[in-house]
Structure formats: structure tokens, C-alpha cells
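Trainee: I would like to go through some of the terms used for this model, and ask how each one is justified.
Mentor: Let us look at it together, then, and set every value against its definition.

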Amino acid sequence: MDVDPSKRGIKMTFGGPLSPVSGIGASASQVVALARALGHALPKPMTEDEINAAGYEGERGYHGTPSGIDNTAATFGGVLKFQRTDGAPIFTKKKLPEPIRIVYASTGITSSTTKVVGDVRAKKEENPEWFDGLMEKYVDLVERGEKALDDGDVNTLGKLLDENHALCQELTVSCEELDTLVDAARSAGALGAKMSGTGRGGLMLALTPTEEIQDKVAEALGKIAPQ
């Protein structure tokens, strides 16, 4: 952004309810907010794409090789279909036919995205055939999930969340604490549940069909989740 702090001092104060190092995208929200704030303060007119690009550079400082999805979501908001490529990422805004009710809960465990991504990369290099097979399952899951979202089919979407969590377990990025919360959400009436974010701690989410069940799932998770 061509900012030289040795020539112009900068004082930054961040705040908000997002828990850092939990997989909810707090770091992306921070760096995107910083890009917007600097754009207003300098002033420096910036497009949304330029803000997103600045946010990605900030994410690289935190995580090394981020996917880019968190800064994209923080920049543009809403529900996005995101695809990483060798060049610029591809993302499409989605319009949902009906509101979707979810419940988030945290294990209270922090986890390093850089370390988890590095561990997964090592497993890929060690056994590329296993990894390629897993990616084929993921691609198929994403396609079915997008259709369920477009159709407003929350029952199918819930089943796909369960499938996704099983793939995350196979990828070794879930943990006992996440699995416990996922199981509790399902037992309380969630249509499906899965870990969210980096994994090996952090957050999980549950899909609920009605406000009543949403409250019931939230109550059940509130009894066992640290956050």
C-alpha cells in the first residue's frame, strides 16, 4: 500500500468479539479492516479487489501460505463459492433462497494454521495417491453442497456437513474435542455438524432447521463448550 511508517506515524487500535487463533477468520478480519482504515486515513482510494489483495498479504504474514478464502470473505461478505487457482482465486457470490440457521461453538483450544497446513502438506508429499483420492471426494462434496444451497435443501446440506467432517478426520485435522462437540450437536437435533477453520482445536458449526432446534443445540453445546 506504499505506506512508510518512518515518514508518517501510524497508531492502530483493534477490537471486536472474534476469538483469535480459533479458525473463525479473526486475522483476516483484522488485516482487511486495516487496509480499509489506511485507505481512508491516507487517503488512498482502493477498489474492493485491492483491499482483498492487501488483506491477502496480511494473511501471508500470519499464516505463510493461506488459501485466500478468509480475506475474500472478510472483504466481500455474504456466502461465497471460492476456488484457489495457480493465478488469481475465483469466487462467486451466492444468494440463498432461505435463511440458514447455524450454531458455532469453540473448543477453547488455539491452533497454528501454519503448522496444520504444513503437516497436511507433508502428508500430501508422503502419500500423493491418498491425498489425490481425498481431494476427489472433496470436489464431489463441494459440487453437491453447492446444489443443496441453491435448492435450499437443508436436509441434504446437513448430511454433507457430516461427510465433510469425516473427511477432515481422515485428513487428521479434527481432534477429540471437536468430535465431541459435533456429536453433541447432532444428538441435540442438528441436521449436520462439522469442524470449521484450521482444525485441531478452534471451532465447529452445526446446521439447524428451525429456530427452536437452533436454541436447543446452542443450549446443549453451551453446557460443554468452553466458548
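Trainee: What volume does the largest cavity have?
Mentor: In this predicted model, the largest cavity has a volume of about 30 Å³, and the structure holds one cavity of 30 Å³ or more.

Trainee: What makes it a cavity and not a pocket?
Mentor: A cavity is a set of points where a 1.4 Å probe fits but cannot get out, whereas a pocket is an open set. The lining of the largest cavity is made by V21, S22, G23, I109, S111, T198, G199, G201 and G202.

Trainee: How do you know how that lining divides by class?
Mentor: Val and Ile count as nonpolar, while Gly is placed among the polar residues, and the lining of the largest cavity therefore divides into two nonpolar, seven polar and no charged residues.

Trainee: Why is helix 1 called oblique to helix 2?
Mentor: Helix 1 (residues 26-41) and helix 2 (residues 48-63) pack at an angle of about 135°, with their axes 8 Å apart. Angles over 145 degrees count as roughly antiparallel and those from 65 to 115 as roughly perpendicular, so the angle of about 135° falls in neither group and helix 1 is oblique to helix 2.

Trainee: Which residues of helix 1 and helix 2 make the contact?
Mentor: On helix 1 they are S27, A28, Q30, V31, V32, A35 and R36, and on helix 2 they are E48, I51, A54, G55, G58, E59, Y62 and H63. By class, this contact has seven nonpolar, five polar and three charged residues, and helix 1 passes helix 2 in a right-handed crossing.

Trainee: What makes helix 1 and helix 3 oblique to each other?
Mentor: Their angle is about 50°, with the axes 8 Å apart. Since angles under 35 degrees count as roughly parallel and those from 65 to 115 as roughly perpendicular, an angle of about 50° belongs to neither, and helix 1 and helix 3 are therefore oblique. The contact is made by A28, S29, V32 and R36 of helix 1 with D70, N71, A74 and T75 of helix 3.

Trainee: Which element gives the largest share of the lining of the second largest pocket?
Mentor: That pocket has a volume of about 250 Å³, and of the 15 residues that line it, Y56, G68, G87, A88 and P89 are the closest to its centre. Helix 2 gives the largest share of the lining, four residues.

Conventions
Residues numbered from 1 in each chain as written. Predicted model: local features only at pLDDT ≥ 70, side-chain atom pairs only at ≥ 80, totals over all residues. Heavy atoms only, no water. Axes fitted to C-alpha atoms, helices over the stretch in contact; angles between N-to-C directions. Helix = DSSP H or I, 4+ residues; strand = E, 2+ residues; numbered from the N terminus. Left-handed = near helix turned anticlockwise from the far one by under 90°. Contact = heavy atoms within 4.5 Å. 1 Å grid on protein atoms, 1.4 Å probe; cavity = no way out; pocket = protein on both sides within 12 Å on 5 of 7 lines; lining within 4 Å. Points joined across faces, edges and corners; volume = space filled by probe spheres on them.
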